[in-house]
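Here is a short tour for the bench. Keep the sequence and the 3D view open side by side as you read.

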Amino acid sequence: MTYETILVETQGKVGLIRLNRPQVLNALNDQLMTELGEALVAFDADDNIGAMVITGSDKAFAAGADIGAMASFTYMDVYKSEYITRNWETIRNVRKPVIAAVRGFALGGGCELAMMTDFIICADTAKFGQPEIKLGIIPGAGGTQRLPRAISKAKAMDLCLTGRLMDAAEAERAGLVSRVVPADRCLDEALEAATIIAAYSNPSVMMAKESINRAFEGSLSEGMLFERRMFHSLFATEDQKEGMAAFVEKRKPNFSNK
Ligand code: CAA
């Protein structure tokens, strides 16, 4: 598959996707989001891939939805085409883990895209924000919903209402990102994390992801029940037998993803 707005490669069992519209700081247009979705779905279906990383450039993960492309849209254009949800939500259906390696700006849709991944590793140069208010709009890809869950109502209100940017240190304190590393380490750190994940038993990795995501959708008791059922079902896998046998026999496990 050839893409025009992203660069796709594999590194061992990790699928790496680089957003690649440098002339507009990786602004997210319809083509890019469609190609990103296609690449993620292809990696998800590939038995040789266990995790994915999405990154941008040193200057920008993504500076938001493409303002030039949106500027002349009417209400009917966006309403009828289900603009944003139509091809932005694909990432949520990907079952293998996806890590965002964020360097530079992750603004508007860029911040929302990073929040759609399973976790964010960012560079000390990263800047997050939802500056849509400055354009006379509001976030449209989950900013007002995922941000309060990821950080807090207070900080989400602050960012969305003032449009100010949050640096990497503040993002880590607020719990938006899992790690902050020097910029030249950011992509390697994410690839190393993805490599570690991809070496584990894929069914248990997918069930861990599914269970954690449940924590955001329903009640605690429903989430606990879901987790318990997932936990029980992993005892039906060959990898549970292998993983525990390897521990008892003091050797490395050899997972077969079965
Ligand atoms: N859409 C389209 N083009 C963009 C863009 C965007 N979101 N962000 C940057 N660009 C373009 C600029 O127009 C500029 O193009 P030219 O060279 O042709 O002029 C190029 O990228 C470089 O940008 P700047 O010259 O502005 O670079 P800078 O370093 O001075 O500033 C920035 C960087 C602070 C990120 C600034 O570009 C900026 O504020 N960008 C817009 C951020 C924004 O408002 N994002 C929200 C978009 S709306 C949205 O995302 C809705 C949603 O919820 C889905």
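## Around the ligand

A nitrogen atom of the ligand sits 2.9 Å from a polar backbone atom of Ile-67. Gly-109 also offers a polar backbone atom, 2.8 Å from an oxygen atom of the ligand, and an N or O atom in the side chain of Glu-112 is 2.7 Å from an oxygen atom of the ligand. A polar contact here is a pair of N or O atoms within 3.5 Å; within protein, one must be able to donate a hydrogen and the other to accept it, and residues adjacent in sequence count only if both atoms are side-chain atoms.

On its own the ligand has 990 Å² of accessible area, and the protein covers 62% of that (Shrake-Rupley method, 1.4 Å probe; for residues, only the protein chains shown count as cover). Helix 2 (67-70), strand 6 (105-107) and helix 5 (109-116) are the elements that give two or more residues to the shell around the ligand. Helices (H or I, at least four residues) and strands (E, at least two) are DSSP runs, numbered from the N terminus.

## How to read the model

This is a predicted model, in which local features need pLDDT of at least 70 and side-chain atom pairs count only at pLDDT 80 or more, while totals for chains, interfaces and linings use all residues. Residues are numbered from 1 along each chain as its sequence is written, and side-chain values use heavy atoms, with hydrogens and water left out.

## Helix 11

Which residues of helix 11 are buried? They are Gly-223, Phe-226 and Met-230 (buried means under 20% relative accessible area, exposed over 50%, partly exposed in between; 1.4 Å probe, protein chains only). Seen down the axis of helix 11, these buried residues fall within an arc of 60 degrees, so they line one face of the helix (the arc is that of the directions from the helix axis to the C-beta atoms).

The face turned away from that buried side carries the exposed residues Leu-220, Ser-221 and Phe-231. Helix 10 (202-214) is included in what covers the buried residues of helix 11 (contact means heavy atoms within 4.5 Å).

## Cys-160

Now to a cysteine: Cys-160 lies in helix 7 (residues 153-162). Its relative accessibility is 12%, so Cys-160 counts as buried. Leaving aside neighbours within four places in sequence, Cys-160 is in contact with Gln-130, Ile-133, Pro-139, Gly-143 and Leu-147. Gly-110 is 50 residues from Cys-160 along the chain, and their C-alpha atoms are separated by 14 Å.
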